[in-house]
Amino acid sequence: MPERAEAEAEALFALVRARYGERLTEAQLAELRGIVASTVERARALRAIRLKNSDEPAQPFAPFRADA
Amino acid sequence: MTDEAVFAPVRALAEGVRTRRLSPVALAELFLERLERLGPRYNAVVTLTRDRALAEARRAEREIGAGRYRGPLHGIPYGAKDLLATAGGIPTTWGAAPLRRQTFDFDATVIRKLEEAGAVLVAKLAMVELAGGMGYRQPHASFTGPGITPWNPGAWSGGSSSGSGSAVAAGLVPFAIGSETWGSILSPAANCGITGLRPTYGRVSRHGAMALSWTLDKLGPLGLTADDCGLVLAAIAGRDPADPTAADRPVRYDDRPVSGRRFRFGVLAGVTEGCEPGVVASFERSLDVLRAIGTVEDVRLPDLPYEIITRTILLVEAASAFEDLVEDGTIAELTAPEDRYGAYARDTILAKDYVKALRLRSVMAREIDGVLARLDALVAPARATVATPLDREFRSAVGGAAADPMGAIGNGAGLPALAVPNGFSDAGLPTSLQFMGRAWEENTIVAAARAYQSLTDWHLRHPVVD
């Protein structure tokens, strides 16, 4: 993993530790560090693909009216 | 009645009920007895719904006796995965120890539709806790114990619709309802040697079903034959004001004979990479059968991170769906050790990356539709392995430990797929073949699977359970 990605993974892992660290054992935290690194790897794969401005999310939003 | 009704397809049972040769009450009592006696062997059952079953069966018997036959599910017993809400004080546990006393005051739309069709709910069936939403890696991930395939007492039933698979395979129910977000219908169908249908996203209302991933969750039938799955789908599909994603598209099972019909099948390049030798051997034999009813061609797709796209969507939506259980620490009471903390890492998936996955999902959906527009189905092994031992971690695509492009694309794009048994490994465990179709083409893949089953007898083989 490139240095910048490692730094990102460490920063995100710090978030997990800050939020939930007191509930977790050192072994669990170590496993979560690896999961966060995998998350960053996946994100890098997604970010590497260029899309056009017109490529919209698959999820549609529909305005709501109770009487519609 | 036992010999005739156990392991009989729904269509055969229906004919017996319609002609009053089979009694709905006797059928309910038969399957309740089998669920009670044999269900624990496979950890297949959470709750027997005896009172409700007998009331529904007596009503069916009265109506049929009075000449008011509702259709092929009238008087037929079934089981429902325990993530479907049921009224009347019947627990709906989601397979999770901390929720074992959870109840709802309404029936899920699927349960209601089956009741309207005259079907008889005999059991709530076991499942992986939270439908696997916390990232389980091994079969001991339910408070009812690991699901066990009736083909081997030491092997996993698959999941997360574990009891739906094992109960059908062991002749404890004629059919069952399961759910799939990624693999949860096809996996137990494969491991248990039965037929399972994952409908198009939006074909079946999700109202009253536990949400794991709002844009990936589907509900569908598991049964002994593709024909049975078609019959059940016709009863549960359709528009529902309580679920805005339930599509208002025509739903009518096309059960015309398939004899003489020709199909166009495609096989994704490299789709058997990483599969066990027994799985590959069964698949290659299946291709020979499929060439007798159509053409088989190789297919290539653009190089996109299909599994990452679908996994990112699933993990983020699951993190939100179970936010309360994660934040308040309830997950620490779950059965699988890995389910007690793995979800904490999901807070680190950035919103922009989730939206990127949703945008790439559109690209994926267009690409696969372009391929399927000129085919009737893509075919592939339903699972890369046969049922794994109960004491071993399995290779999961959701967790990133195994490749599953068909599952990633099919679920990510919301496409229907149907798994049928297609052989056995050297160890005597079932292998499975999947047919994946274009959106809303359930009739096409059911027809293809019916044609396949008309030429093979794998679906007629059953484990020795009595």
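**Close-up views of a predicted two-chain model**

**View 1. Helix α12 of chain B has the span expected for its length.** At 1.5 Å a residue, the 22 residues of α12(B) (351-372) should span 32 Å, and the end C-alpha atoms are 31 Å apart, which agrees. The expected span is 1.5 Å times one less than the number of residues. Helices (H or I, at least four residues) and strands (E, at least two) are DSSP runs, numbered from the N terminus. This is a predicted model: local features need pLDDT of at least 70, side-chain atom pairs count only at pLDDT 80 or more, and totals for chains, interfaces and linings use all residues. Residues are numbered from 1 along each chain as its sequence is written, with chains lettered from A and ligands numbered from 1 in written order.

**View 2. Both chains help cover α12(B).** Its buried residues (20 or more other C-beta atoms within 10 Å of their own, C-beta atoms placed from the backbone) include B:Y354, B:L360, B:M364 and B:I368. Charged examples are absent from that selection, but B:D353, B:K356, B:R359 and B:R361 are also among the buried residues. The cover includes α2 (26-47) of chain A, and α10 (306-321), β9 (377-381) and α13 (405-412) of chain B.

**View 3. Chain A meets chain B.** Here 25 residues of chain A are in contact (C-beta atoms, placed from the backbone, within 7 Å) with 26 residues of chain B. On the chain A side, α1 (3-20) and α2 each supply at least two residues. α2(A) gives the most, with 11 residues.

**View 4. B:V122 sits in the largest nonpolar core.** This core (buried Ala, Val, Leu, Ile, Met, Phe, Trp, Tyr and Cys residues joined through C-beta atoms within 7 Å) has 162 residues. α10(B) gives the largest share, nine residues. Contacts of B:V122 include B:F31, B:L35 and B:Y78, not counting residues up to four places away in sequence.

Technical notes: Buried ≥ 20, exposed ≤ 12 C-beta atoms within 10 Å, placed from the backbone. Contact = placed C-beta atoms within 7 Å.
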